[in-house]
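Notebook open, coffee poured. I want to look up how the protein meets its DNA, and then how the helices behind that surface pack.

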Amino acid sequence: MLSKKRFLEALAIIFEMFPEAKGELHSKTPFQLLIATILSAQATDKGVNKATPALFSAYPDAKSLAVADISSIESKIKSIGLFHTKAKNIKAAAKMLMEDFDGELPKDKVLLQKLPGVGRKTANVVLGDAYGIPGIAVDTHLDRIAKRLNIVPQKASVLDVEKTLMRYIPEEKWVTAHHHLIFFGRYHCTAKNPNCENCPVLSYCKFGQERLGGFDA
DNA sequence: ATCCCGAGGG
DNA sequence: CCCTCTGGAT
């Protein structure tokens, strides 16, 4: 297992690889960020950004989305995938915001997760990016990277990954580290053909060393 | 553990 | 063709 000290060394290198990493979902308000983030589940941010202009043009806020027709919402987000569930969730979330939260986003992880379609990962993203509240959203990229670097057992849950990262990374860097790790996963340590051959943190990476050292897959 | 589910990439 | 994408609810 990679030690905390060694992980932080690797993380510092990853910071330098993508110095300007940040959230890439397009939004004008915290509410729109919430909706975009719900829509981003099992979808690319590019795909979400392609669909949200039409969605937010028609329904820019919780008040309008709460009373929108499901079929109208579906037609605007269909290209994203999982659109039945997501249309239902974002309308219900908007309605809940209006009825139970005075039309404003709760700045609290537990309350945010009461909204349909909002789990731990989405809550962390919204609180971190909209309000700067410390948190580490573990998505498919962070989960993969944590396991490749071997800071957690291969069978660890996303919650275990989050806890370990929170223990290893200083709190004031949680939000930025999250973005740097996302970029690293998205553009370098990819799921399919990771660029281990040209990786600055190869010397820290169990997965990469075994992959390059071992026989062809 | 399984379902949802279209677009893009290899 | 198969795999993956800033997951969540059952």
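**Strand B**

I began with the strand B atoms within 4 Å of the protein: 57% of them belong to sugar or phosphate, and the rest to bases. Before going on, I noted that this is a predicted model, where local features need pLDDT of at least 70, side-chain atom pairs count only at pLDDT 80 or more, and totals for chains, interfaces and linings use all residues. Also for the record: residues are numbered from 1 along each chain as its sequence is written, chains are lettered from A and ligands numbered from 1 in the order in which they are written, and side-chain values use heavy atoms, with hydrogens and water left out.

Which residues surround DNA strand B? I listed Lys50, Lys78, Ser79, Ile80, Gly81, Leu82, Phe83, His84, Lys192 and Asn193; a residue is near a strand if one of its heavy atoms lies within 4 Å of it. By class, I get three nonpolar, four polar and three charged residues there. The classes go like this: Ala, Val, Leu, Ile, Met, Phe, Trp, Tyr, Cys and Pro are nonpolar, Asp, Glu, Lys and Arg are charged, and the others, Gly among them, are polar.

Next I pulled the polar contacts (pairs of N or O atoms within 3.5 Å; within protein, one must be able to donate a hydrogen and the other to accept it, and residues adjacent in sequence count only if both atoms are side-chain atoms).
- The side chain of Lys50 has an N or O atom 3.3 Å from a phosphate oxygen of DNA strand B.
- The side chain of Lys192 puts an N or O atom 2.6 Å from a base nitrogen of DNA strand B.
- Leu82 uses a backbone N or O atom, 2.6 Å from a sugar or linking oxygen of DNA strand B.

I went back to Leu82 for its backbone. Its phi is near 50°, a positive value in a residue other than glycine, and Leu82 sits in the loop between α5 (70-77) and α6 (83-100). Helices here are DSSP runs (H or I, at least four residues; strands are E, at least two), numbered from the N terminus.

**Strand C**

How many residues surround DNA strand C? I find 27, and the closest are Lys121, Thr122, Thr140, Arg144 and Arg186. Of the strand's atoms that come within 4 Å of the protein, sugar and phosphate account for 66%.

I checked three phosphate contacts. A polar backbone atom of Asp45 is 2.8 Å from a phosphate oxygen of DNA strand C. For Thr122, a polar side-chain atom lies 2.8 Å from a phosphate oxygen; for Arg186, a polar side-chain atom is at 3.4 Å from one. The elements giving two or more residues to this surface are α8 (120-131), α9 (140-149) and α11. Of these, α8 gives the most, with four residues. The class count is nine nonpolar, ten polar and eight charged.

**Around α11**

I then looked at what packs on α11. Helix α9 meets α11 at an angle of about 80°, with axes 9 Å apart. (Axes are lines fitted to C-alpha atoms, for helices over the stretch in contact, and angles run from 0 to 180 degrees between N-to-C directions.) So α9 is roughly perpendicular to α11, a label for 65 to 115 degrees, with under 35 roughly parallel, over 145 roughly antiparallel and the rest oblique. Contact (heavy atoms within 4.5 Å) involves residues including Arg144 of α9 and Arg186 of α11. I count five nonpolar, three polar and two charged residues in the contact of α9 with α11.

Helix α1 (residues 4-17) also packs on α11 (residues 174-187), at about 70° with axes 9 Å apart. Therefore α1 and α11 are roughly perpendicular too. Among the contact residues are Phe15 of α1 and Phe184 of α11. This contact has seven nonpolar, two polar and no charged residues.

**Domains**

Last check: chain A divides into domain 1 (4-21 + 137-213) and domain 2 (30-131), with bounds from an automatic or database domain assignment. I get 28 Å between their centres over C-alpha atoms.
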